[in-house]
Amino acid sequence: MNLFETLHQTEHEEVVFCHNKEAGLKAIIAIHNTVLGPALGGLRMWPYATEQEALDDVLRLSRGMTYKAAVSGLNLGGGKSIIIGDPKKDKSEELFRAFGRFIDSLGGRYITAEDVGIDVNDMEYVFQETENVVGVHQVHGGSGDPSPFTALGTLQGIKASLEKKYGNQDVGKYAYAVQGAGHVGMELIKLLRGEGAKVFVTDINEESVQKAVDELGCEAVSLDDIYDVEANVYSPCALGGTVNADTIPRFHFDIVCGSANNQLATPEDGNELERRGILYAPDYAVNAGGLMNVSIELEGYNRERAMRMTRNIYYGIKKIFDIAERDNIPTWQAADRMAEERIAKIGKIKMPYMAQRKNLFSGRVKNGHGHAIENKIV
Ligand code: NAD
């Protein structure tokens with residue numbers, strides 16, 4: 001790989017390769033863009049088959065975080081980190097503390113959080129070495145499970161989509177096909193059923209489906225039949241890539257709006273939805289509730305504020321639809337454009353990053369994690 005040519009194309013600011021022989025640490029931190037604020041994004045631990053695969057993953061994910069934060073109106077940039085290793089076998093205190101020291105050495109340009117393969121206990125070790133962590137345990141003033149916020153945000157995306165498609169937000173009047181009754185999916189189903197909506201559900205986990213049927217009154221469908229269901233809204237809340245050349249021709253849906261990341265297998269699938277008159281609410285704007293929730297830890301966590309911010313996803317999605325109409329482009333492209341426009345506009349009026357950083361952190365410094373509030377640096 002020609003590394004700098006790749007970074008030139010992906011427009012990354014900084015990529016840090018972290019190594020500690022004693023701890024067995026091999027990690028990469030990728031900072032994509034800090035125009036809007038410090039780069040925030042989770043730490044993933046995965047037994048990558050090759051170093052190239054690890055690098056590709058961290059570059060792709062960190063870039064995605066820039067867009068998600070920007071489109072969500074957050075004063076955050078995009079970053080992500082990965083540790084090469086097996087989360088079942090290779091975890092240790094020294095590994096995470098060594099990693100935490102690398103995070104700390106970045107002086108707040110990158111803030112980490114949990115992602116695949118990482119749990120709150122691992123984050124406790126990272127937190128011992130740096131304050132630049134969010135998503136720590138609630139006993140330290142952390143924000144806890146982000147899924148209910150992601151589900152609430154997804155509901156806002158659904159409301160904005162109903163408004164655009166049918167001219168009303170009457171959630172209970174319509175039928176939904178929810179793929180995946182996991183952390184987010186189950187919460188979303190509760191919200192939909194709470195409004196009296198008809199909900200079809202599928203999941204590879206039969207117990208989850210049974211729970212959704214018995215306790216929430218959903219109708220179960222098989223894994224493959226979810227794409228053929230006669231419903232108004234398809235809500236992917238499990239995997240990426242389920243909106244593709246094989247599934248789209250089967251859709252009777254008017255709207256695609258769910259929490260899963262990377263729902264479109266390719267951008268062309270987004271164009272195809274547009275051609276068929278199926279409204280696509282862009283995934284990374286719809287599922288930003290979790291990110292919004294952890295971002296509030298920077299100022300001292302407040303659940304009510306997180307809920308209020310998450311409800312604004314409704315306006316964000318409406319704005320994306322407006323840009324799509326204004327520029328006559330598909331909605332997936334309008335989301336990218338909205339993010340890029342915001343970064344460009346704020347970039348023009350912005351103070352130099354390091355000067356701005358002190359202000360950004362002054363509200364939180366450690367009070368969000370249960371430390372004495374008097375320690376606040378102002
Ligand atoms: P989860 O693992 O709790 O739930 C996923 C569910 O999907 C599980 O119940 C799983 O059994 C099911 N599933 C897996 N493969 C399936 C298949 N082929 N068909 C049907 N069901 C299948 O995960 P989650 O936290 O609920 O996240 C769901 C999606 O939302 C993921 O794509 C995730 O990246 C995205 N997301 C989650 C959050 C969050 O706050 N948790 C935030 C942003 C995005």
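At what angle do the axes of helix H2 and helix H13 cross? In this predicted model, they cross at roughly 80 degrees and come within 8 Å. H2 spans residues 51-71, and H13 spans residues 331-349. That crossing makes H2 roughly perpendicular to H13, because angles of 65 to 115 degrees count as such.

H2 contributes Thr66, Tyr67, Ala69, Ala70 and Val71 to the contact. H13 contributes Ala335, Asp336, Met338, Ala339, Glu340, Arg342 and Ile343. By class, the contact has eight nonpolar, one polar and three charged residues.

**Helix H11**

H11 covers residues 303-311. Ala306, Met309 and Thr310 are buried there. Seen down the helix axis, these buried residues fall within an arc of 100 degrees, so they line one face of H11. They pack against helix H5 (147-166), helix H10 (289-295) and helix H12 (313-327).

The start of H11 has a polar contact. There, a side-chain oxygen of Asn302 reaches to within 3.0 Å of the backbone nitrogen of Glu304.

**Asparagines with positive phi**

Asn262 has a positive phi although it is not a glycine. Asn328 also has a positive phi and is a residue other than glycine.

| Residue | Phi | Loop | Relative accessibility |
|---|---|---|---|
| Asn262 | about 50 degrees | between strand E11 (255-256) and helix H8 (267-275) | 45%, partly exposed |
| Asn328 | near 55 degrees | between H12 and H13 | 71%, exposed |

Asn328 counts as exposed because its relative accessible area is 71%, and the cut-off is over 50%. Asn262, at 45%, counts as partly exposed.

Key
Residues are numbered from 1 along each chain as its sequence is written. This is a predicted model: local features need pLDDT of at least 70, side-chain atom pairs count only at pLDDT 80 or more; totals for chains, interfaces and linings use all residues. Side-chain values use heavy atoms; hydrogens and water are left out. Buried means under 20% relative accessible area, exposed over 50%, partly exposed in between (1.4 Å probe, protein chains only). Helices (H or I, at least four residues) and strands (E, at least two) are DSSP runs, numbered from the N terminus. The arc is that of the directions from the helix axis to the C-beta atoms. Contact means heavy atoms within 4.5 Å. A polar contact is a pair of N or O atoms within 3.5 Å; within protein, one must be able to donate a hydrogen and the other to accept it, and residues adjacent in sequence count only if both atoms are side-chain atoms. Axes are lines fitted to C-alpha atoms, for helices over the stretch in contact, and angles run from 0 to 180 degrees between N-to-C directions. Angles under 35 degrees count as roughly parallel, over 145 as roughly antiparallel, 65 to 115 as roughly perpendicular and the rest as oblique. Ala, Val, Leu, Ile, Met, Phe, Trp, Tyr, Cys and Pro count as nonpolar, Asp, Glu, Lys and Arg as charged, and the others, Gly among them, as polar.
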